[in-house]
Each structure stands twice: as C-alpha cells, then as structure tokens.
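Please open the model in your viewer and keep the sequence panel beside it. The stops below go from the whole chain down to a single residue.

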Amino acid sequence: MDHSLELEQQYCARNYSLHPLTLVRGEGVWLYDTEGRRYLDMMSAYSAVSFGHGHPRLLAALVEQAQRLALVSRAFRHEGLGSFAQRLCTMIKMDRVLPMNTGAEAVETAIKAVRKWGYKVKGIARNRAKIIVCANNFHGRTTTIVGFSSQAQYRDDFGPFDNGFISVPFGDIAALRAAMTPDVVGFLVEPVQGEGGIVVPAPGYLAQAAALCRQNKVMFIADEVQTGLGRTGKLLACWHEDVQPDGVTLGKALGGGLLPVSAFAACAELMDVFTPGDHGSTFGGNALACHVGEEVLKLLESEQLCEHAYRLGNDLQMQLKALAAPEFIEVRGLGLLQAIVLDPQHWQARDFCAALCARGVLTKDTHGNVVRLSPPLTISEAHIKTVVEAVADILREGRQTQKRANMTASA
Ligand SMILES: Cc1ncc(COP(=O)(O)O)c(C=O)c1O
C-alpha cells in the first residue's frame, strides 16, 4: 500500500473515505498522480480551482505578497484590504464586504448580519428571528448550518440545534410565500444547488423569490460560494435572472485555489448593523488573502472567464445531450456547473466516475446517481471533446458488457 495512504489511515480522522489515487502535481486543467499519470480535472476542488492549478498570475501574486507581508492582527490596518473590497463591491454591485476564510464562515456571517438587522432595523422581538432556507441545501458544516440541513448524516448526532430556521422545498414559490411570517428576516438560497446535485430551479424562481422578499421586508441572501465568480457563466448566478441580492456569500474560487478566502458582501443597510467587536476572524481579510483575491477578480475580468464559462458550459451540455443516451435521466446545469444524472438501472455514479478516472478524467459522484462536471473555467473546447469522448466510450463499453451478460444469461 502507498505509504502516504497508510499514514493517513492511521493518523487522520476518518471523516473522508479515502480515494486510492494520490495526486502529486497540478498544472492548468491537469492533475498528475504518483505514477505520473495525467487526469483532466473535472472537479476543480468543488469550484475552488476555477483558474486551473498554479495559474502563473495567481502564483506570482501569492509569492510576491507572502514575501512582503502576509498577516497582521486585524486590530492594525494593511494596504490591501480597501482595494480588494472596493474591487469586489464594484464588480458585484454591493456596498460593503466582510472577508472571512471558508464558505461556512461567510454563511455564518450572513446569518449573524441578517438576524441583527432583524432586531435592530426590522424590529423583531429578541431571539424570535427566523431565516427561511431550502430543503436539499448545502451551506457548510458548522453546527448552526448543519442544524438546517435536510441530509440526515450531516445533522444526526450533532444537535441540539436552534430553531431559527424554516425549511421550504427548493424552487417552490408558493411554499416560500406561505413561510413568510412576520418574524422572518432572511431567505438564504443557493441559486443552483451544488452539493444537492446541481439542481437548477425553474426560470423565474429567483426573481419571484427576490420580489417576495422585498414585499415582506426580508433580506434575500444568495449563497454563491460555489456558483459565484463566473462558475455559471455570470459573476453571480443570480444575475441570470437579473436579481441583485441584498447579501451574497462568496468563497472557494475567491482564493484562486491557493488559499481559503471567503466573503460576505451586502447592501449598506444590512452590513452596517455590525459594530467593532461584533464579529471577526484572525485570518479573515489578511494581506495575503486580499492580494490573491484581488488578482482573482482582475483575472476574471481580463480573461473574460464568465463569457468563456457560459459558452463552454453550453457546449458541454449540448454535446452530452447529443449522445441521446438512454442511460441518462438528464443532463443539467448552468455554465461550467453541469451534471449527468444517471439512470441507476444502468449505472451507479460512483462506477461511472471510476470508469472516467480510468480514462484520465477526474470527477466525483454525488447523491448516488449524479456525476458532476465542474472543470476549471480555463478549460478549452479540446478538453470538452476529450470528456465527451470518454463518456461516450464508457457508455459503449457498458452496453457491450450488458449485451454479453444478457447473452450468457439466455444461453
Ligand atoms: C453553496 C455552498 N456554501 C457553503 C459551502 C461551504 O464552504 P466551505 O467548505 O469552504 O466551508 C459550500 C461548500 O461546498 C457550498 O457549496
């Protein structure tokens, strides 16, 4: 057995099932294992490696800033925070930003902001504030967040949880309307449910939900930790429906795949409920994170990656649909956040991903029958062709195996 795998097995918490593959190097859209085999990265670390591995501009920004100044106490100022915040706010049309590190922390920040706004501005009685969330959500792993997860494994045995959340079915505007009681302060939603299996709501849902929030004086908070920063073909996925959220969480790609950088950005009315000492983080908004984050934002613009992701995502979806495979229930997604939903009578997603891996395409199954495809936004047409050919090859081989098995059974 690979020694590193042995060590991991012995000394690490068992909160991940171990994949047999050990990756040692990444370059652009490619990953390399210990044997020197090359894989096309169709996972990009859950959208965190949106610019490919080791993007030269991001690496240069990281090294340059690390050599100059990486971290000071947030009690002191450094030069990079203001310009990073200005660029981010300008690009996503928000007034203020509060930088954190992980996606879950950005979501926690949003929850705190919305609750405090509820008490201080909307006038809700203390400790009565409710936030509406969607079934099948994924917003992270803190105890507050898993408390409103509909995934049993994420919740079970980690309680007790607070009851400040109301869950409604995703995409169901009537259920959202019915849940709008006077104590509701916020609606927290992923514009496309990522971990939930790349679930795209029906057109108009987000716009209707945002309108409902406005009518009920409720803050519309988009969790764009996975969908944001170009992944779906727009800077914010909400913009596909011309929705400007009151608050938005970003993470993953904001750190350029090099370090954890997240943020909660919001309108002034919401963010200004925070006063010194209310909230913070040792590493949130550090000099290194700000410098890399700002380079990420510049790169998104100069390389026109939103447009590229939109076009190539459409190409990928169209080419997969054109296979007209009876093994597929559907191919769905937005931009470069796509999924093949397999008919479990033909394929388990785990086996399909193993077959892709054997053909040098790396990705991860979710929800038993969903194969997700979320490559770096820098992927090319030729790479898309490689993926579609690998998928077609697996389907062909699967059918041949099935045919042989049927012949043996009937012999
Ligand atoms: C929509 C969404 N929100 C929040 C998170 C949590 O991010 P992190 O793992 O960085 O805490 C994720 C992670 O997958 C996510 O997809």
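Which residues does the domain assignment of the protein chain give to domain 1, and which to domain 2? Begin by colouring this predicted model accordingly: domain 1 takes in 3–53 together with 305–410, while domain 2 covers 56–302. If you place a marker at the centre of each domain, taken over C-alpha atoms, the two markers are separated by 28 Å.

Next, select the contact between the domains, to which domain 1 gives 26 residues and domain 2 gives 25 residues. On the side of domain 1 that touches domain 2, the elements that each supply at least two residues are α2 (44–47), α12 (305–322), β11 (328–334), β12 (337–342) and β15 (370–373). Of these, α12 deserves its own colour, since the largest share of that side, 5 residues, comes from α12. Colouring this side of domain 1 by residue class should give 15 nonpolar, 9 polar and 2 charged residues.

Now move to the ligand and select the shell around it, which consists of 15 residues, with Thr102, Gly103, Ala104, Gly140 and Val225 as the closest. Helix α5 (residues 103–122) gives the most to this shell, namely 3 residues. Divided by class, the shell around the ligand holds 7 polar, 5 nonpolar and 3 charged residues.

The next selection is an open sheet of 4 strands, whose order is β1-β2-β3-β13 and whose pairing is mixed. Because β1 (23–27) and β13 (361–362) stand at the edges and have a single partner strand each, one side of each is left without a neighbour in the sheet. Zoom in on β1 and strand β2 (residues 30–33), which run antiparallel and are joined by 4 bridges; there, Gly26 can be found opposite Leu31 in β2.

For the last stop, select Val218, which sits in the loop between α9 (205–215) and β8 (219–223). Is Val218 buried or exposed? Val218 counts as buried, because it has 25 C-beta neighbours inside 10 Å, and the cut-off for that class is 20 or more. Once neighbours within four places in sequence are set aside, the residues in contact with Val218 are Met180, Val184, Val185, Gly186, Phe187 and Cys213. To finish, draw a distance between the C-alpha atoms of Val218 and Met180, and it should read 8.5 Å, although these residues are 38 residues apart along the chain.

Terms used:
Residues numbered from 1 in each chain as written. Predicted model: local features only at pLDDT ≥ 70, side-chain atom pairs only at ≥ 80, totals over all residues. Near = placed C-beta within 6 Å. Nonpolar A, V, L, I, M, F, W, Y, C, P; charged D, E, K, R; others polar. Domains from an automatic or database assignment. Contact = placed C-beta atoms within 7 Å. Pairing = 2+ DSSP bridges. Buried ≥ 20, exposed ≤ 12 C-beta atoms within 10 Å, placed from the backbone.
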